[in-house]
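Me: I'd like to learn how to read a fold like this one. Can you walk me through it, starting with how strands are paired up?

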Amino acid sequence: MNRIASLRLHGPLVCHVCSLTARTLLIAVLGHCSISTGQSAEPERLVPAKAAGSLRMATYNVSLNRSTAGKLTEDLESSSAQARALAVVIRAVQPDILLLNEVDYSTSSSNAELFQSKYLSDEAEDALGNTAWPMPHSFSAPVNTGEPSGLDLNSNQRSTDPEDAWGFGLFPGQYGMAVLSRYPLDASSARTFQKFKWAALPGGLQPRDPVTGAPYYDKSTWQELRLSSKSFWDVPVATPLGMLHVLASHPTPPAFDGPEDRNGCRNHDEIKLIQLYIESAAELVDDRGTRGGLAEHDSFVVLGDLNSDPRDGGSQPAAINELLRHPRIAPYPAPRSLGAMAAAIAQGGANQSHVGDSSEDTGDFNDRSVGNLRIDYVLPSANFQVVAAGVFWPELEQIAPPLRAAVQESLDATDHHLVWVDVQEK
């Protein structure tokens with residue numbers, strides 16, 4: 001199928017140049033790709049405004065990771081051009097709930113709160129004409145990245161490599177996560193599965209030598225391994241639509257390993273954990289010793305960079321496809337963007353061999369190897385009605401030249417693109 005022909009566009013590209021300022025010119029020519037709800041996009045906005053009574057949820061891998069502990073805090077406390085560029089995107093989208101992936105976690109300071117207070121809540125007008133978008137409620141917790149395991153997990157006779165941590169990392173907390181919210185969240189009731197053992201997952205994919213069939217990890221190591229490369233969280237948020245369980249995670253990339261595909265297996269099973277949590281599997285035990293997962297009628301949203309494309313890339317896609325088809329997940333067309341489609345065509349390379357719809361891509365990766373992929377997800381529970389969705393990836397050629405550089409700077413701040421979904425009560 002022609003990948004361009006498969007793109008469904010909603011909202012005409014209309015521009016009445018004589019009556020527009022530079023900022024509204026930018027917004028008018030962008031258009032947007034979203035779920036059709038019977039209403040056209042507001043031409044004066046870069047991202048369509050929420051419908052009355054709806055809740056906007058989003059996920060964004062912001063690449064706010066550094067090579068040494070404490071460096072991110074130092075950067076944020078000064079004046080980080082990267083952080084400002086990322087804030088421009090968030091302030092344009094205006095989510096009510098947002099998961100940030102790849103924000104270094106620190107026990108001495110909250111980088112997420114610092115980013116929120118200094119950059120999102122800044123009253124000054126930004127490059128796209130938006131002002132403060134406070135998200136004062138936050139949750140962050142320890143992750144497995146960089147936490148020493150004391151084991152030789154990459155089989156090189158050492159136990160001190162970044163690969164030997166419970167999750168790949170140069171220091172504890174690298175590539176952490178944070179939930180930001182406009183509404184109060186219940187941190188005391190949050191559940192974390194940082195220490196849940198991989199071997200305890202029902203039906204887990206134990207990595208094996210493809211020739212001999214022997215397990216890659218010896219028995220004692222396998223029994224000790226933690227499943228989450230970062231962590232898996234259930235963070236309750238009190239929204240106008242009722243209590244919402246934010247299911248947050250960031251599974252490992254299915255790469256940087258060998259023929260045993262240990263990272264591919266782990267990625268698959270980190271996603272499988274989400275499904276089993278939704279199904280309240282009794283085998284799941286959180287870091288406080290509580291068993292099970294969600295109650296039958298709990299409202300939730302799955303957020304995160306799940307590092308698995310349903311059709312392309314190097315993951316084992318069974319888990320992500322099962323999750324997308326799960327009866328407790330709201331069925332809706334994948335969020336899309338014009339920029340993703342344009343990028344796949346312009347960049348070529350591996351994108352030319354992909355079978356998935358390029359307009360659904362959320363990550364802009366090496367075109368000589370994996371190409372662009374859909375790996376960032378916002379999956380609301382089926383008791384919600386999805387009324388709009390999109391990916392913040394504007395087509396640069398359609399942006400007014402005076403503002404194109406500012407938009408490009410925001411897109412260059414990370415190799416991921418923010419994904420947002422609006423829901424209402426059914």
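Reply: Sure. Two strands count as a pair if DSSP finds at least two bridges between them. Keep in mind that this is a predicted model. Now the case here: Leu64 stands opposite Val103 in β2, and Ala58 sits across from Leu98 in β2.

Me: In which sense do β1 and β2 pair, and over how many bridges?

Reply: The sense is parallel, with six bridges between β1 (residues 55-64) and β2 (residues 97-103). On to β11: five bridges join β1 to it, and these two run antiparallel. One residue to click on is Met57, whose bridge partner in β11 is Val421.

Me: Okay, in what order do the strands form the open sheet?

Reply: Reading across, you get β3-β4-β2-β1-β11-β10, six strands in an open sheet with mixed pairing. The edges are β3 (137-139) and β10 (384-391); each has a single partner strand, so one side of each has no neighbour in the sheet. On average, neighbouring strands here are turned by 20° against each other, direction ignored.

Me: How many residues of β1 are buried?

Reply: Buried means under 20% relative accessible area. By that cut-off ten of the ten residues of β1 are buried, so the strand is largely enclosed by the rest of the structure. Look at the two faces: Leu55, Met57, Thr59, Asn61 and Ser63 point one way, while Arg56, Ala58, Tyr60, Val62 and Leu64 point the other way, and all are buried.

Me: And which helix lies across β1?

Reply: That's α3 (residues 81-93), which lies across β1, β2 and β11 (419-425) and runs at about 170° to β1.

Me: Let's zoom out. What do the totals look like for the protein chain?

Reply: The protein chain has nine helices and eleven strands. Of its 426 residues, 57% are buried. Take the contacts between residues at least 6 apart in sequence: 75% of them join residues at least 24 apart. The accessible surface comes to about 17,300 Å², and carbon and sulfur atoms account for 51% of that.

Me: Now the empty space. How much space lies in the largest pocket, and which residues lie nearest its centre?

Reply: A pocket is an open set of grid points, whereas a cavity is one where the probe fits but cannot get out. The largest pocket holds about 950 Å³ of space. Its lining has 42 residues, with Thr252, Pro253, Pro254, Ala255 and Phe256 nearest the centre. Helix α6 (residues 262-278) gives the largest share of that lining, three residues.

Me: How many cavities of 30 Å³ or more are there?

Reply: The count is two. The second largest cavity has a volume of about 40 Å³. Among the residues lining this second largest cavity are Val103, Asp104, Tyr105, Ser106, Ser140 and Met177. You've met Val103 already, as the residue in β2 opposite Leu64.

Me: One last residue: where does Asp209 lie?

Reply: Asp209 lies in the loop between β5 (191-192) and α5 (219-224). At 32% relative accessibility, Asp209 counts as partly exposed. Also check Glu260: the C-alpha atoms of Asp209 and Glu260 are separated by 5.0 Å, although the two residues are 51 apart along the chain.

Terms used
Residues numbered from 1 in each chain as written. Predicted model: local features only at pLDDT ≥ 70, side-chain atom pairs only at ≥ 80, totals over all residues. Heavy atoms only, no water. Helix = DSSP H or I, 4+ residues; strand = E, 2+ residues; numbered from the N terminus. Buried < 20%, exposed > 50% of the residue type's maximum accessible area, 1.4 Å probe, protein only. Contact = heavy atoms within 4.5 Å. Areas by Shrake-Rupley, 256 points an atom, 1.4 Å probe, with all protein chains shown as cover. Axes fitted to C-alpha atoms, helices over the stretch in contact; angles between N-to-C directions. 1 Å grid on protein atoms, 1.4 Å probe; cavity = no way out; pocket = protein on both sides within 12 Å on 5 of 7 lines; lining within 4 Å. Points joined across faces, edges and corners; volume = space filled by probe spheres on them.
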